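User: I've got this model open and I'd like to know what's behind the labels people put on it. Can you walk me through them?

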Amino acid sequence: MAWKAGFLLVLLMPFTASALAPGDVISARRDGLKAVGHQMDRIEALMNQRGDTRAAVASIADMIRFFEGLPSLFPPNSGQGDTRARPTIWSDPGGFAAANANMLSSLRSLENAANTGDNAALQAAFQQTAATCSACHRPYRSRSR
């Protein structure tokens with residue numbers, strides 16, 4: 001339940017991230033990304049149970065909203081502290097923006113697949129979304145804090 005509260009807070013972050021202290025923005029993005037992981041786990045469980053794929057639409061919409069605001073959670077000077085963010089986020093903002101745009105595109109494809117009710121389509125889109133997520137981790141997230 002705590003991750004739900006963190007996720008809701010992060011949904012509002014694009015509007016307030018610039019007013020947060022670096023440690024607060026780090027917590028907000030970390031909590032939001034953990035919530036995204038939980039959402040992906042729930043979608044995977046739904047696929048494994050062969051449930052109604054449309055049940056995933058709301059979760060995917062939440063993830064889209066989060067990633068629409070994600071760049072604002074990386075203001076200057078927020079790379080120090082309890083974070084796994086690599087300096088390349090700030091030294092290569094175009095690359096980071098492109099990676100975020102790729103994630104948004106993958107999530108929109110996932111949302112479209114979920115809306116079809118077709119489990120195979122959802123599985124294919126889910127795999128693509130997971131791969132897109134991992135592709136961003138390599139250049140922009142370190143393994144340890």
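**Labels and their cut-offs**

User: Why is A28 called buried?

Analyst: A28 has a relative accessible area of 4%. Buried means under 20%, exposed means over 50%, and partly exposed is in between (1.4 Å probe, protein chains only), so A28 makes the cut. Bear in mind that this is a predicted model: local features need pLDDT of at least 70, side-chain atom pairs count only at pLDDT 80 or more, and totals for chains, interfaces and linings use all residues. Residues are numbered from 1 along each chain as its sequence is written, and side-chain values use heavy atoms, with hydrogens and water left out.

User: What makes D24 partly exposed?

Analyst: Its relative accessible area is 43%, which falls between the two limits, so D24 is called partly exposed. D24 is found in helix 2, and A28 lies in helix 2 as well. Helices (H or I, at least four residues) and strands (E, at least two) are DSSP runs, numbered from the N terminus. On that basis the protein has 6 helices and 0 strands.

User: How far is L73 from A28 and from D24?

Analyst: A28 and L73 are 45 residues apart in sequence and 7.5 Å apart in space, C-alpha to C-alpha. For D24 and L73, 49 residues apart along the chain, the C-alpha separation is 9.7 Å.

User: What makes F74 and F96 an edge-to-face pair?

Analyst: The structure holds 4 aromatic pairs. In this one, the ring centres of F74 and F96 are 5.0 Å apart, with 70 degrees between the planes. Rings of Phe, Tyr and Trp (its six-membered ring) pair if their centres lie within 6.5 Å; planes under 30 degrees apart count as stacked, over 60 as edge-to-face and the rest as tilted. The 70 degrees is over 60, so edge-to-face it is. F74 sits in the loop between helix 3 and helix 4 (88-91) and F96 in helix 5, 22 residues apart.

User: How do you know that F74 and F96 are buried?

Analyst: F74 comes out at 11% relative accessible area and F96 at 7%, so both fit the buried limit. F96 also pairs edge-to-face with Y140, at 5.4 Å centre to centre and 65 degrees between the planes. That pair joins helix 5 to helix 6, 44 residues apart. One aromatic cluster takes in F74, W90, F96 and Y140.

User: Why is helix 5 called roughly antiparallel to helix 6?

Analyst: Their axes come within 8 Å and cross at roughly 165 degrees. Axes are lines fitted to C-alpha atoms, for helices over the stretch in contact, and angles run from 0 to 180 degrees between N-to-C directions. Under 35 degrees counts as roughly parallel, over 145 as roughly antiparallel, 65 to 115 as roughly perpendicular and the rest as oblique, so helix 5 is roughly antiparallel to helix 6.

User: Which residues is L110 in contact with?

Analyst: Leaving aside neighbours within four places in sequence, L110 is in contact (heavy atoms within 4.5 Å) with M40, I43, I60, L122, A125, F126 and T129. L110 is also among the four residues, with I43, I60 and F67, that touch the most other members of the largest nonpolar core, which has 33 residues. Helix 2 (22-48), helix 3 (57-69), helix 5 (93-116) and helix 6 (119-140) each supply at least two of its residues. A nonpolar core is a set of buried Ala, Val, Leu, Ile, Met, Phe, Trp, Tyr and Cys residues joined through side-chain atoms within 4.5 Å.
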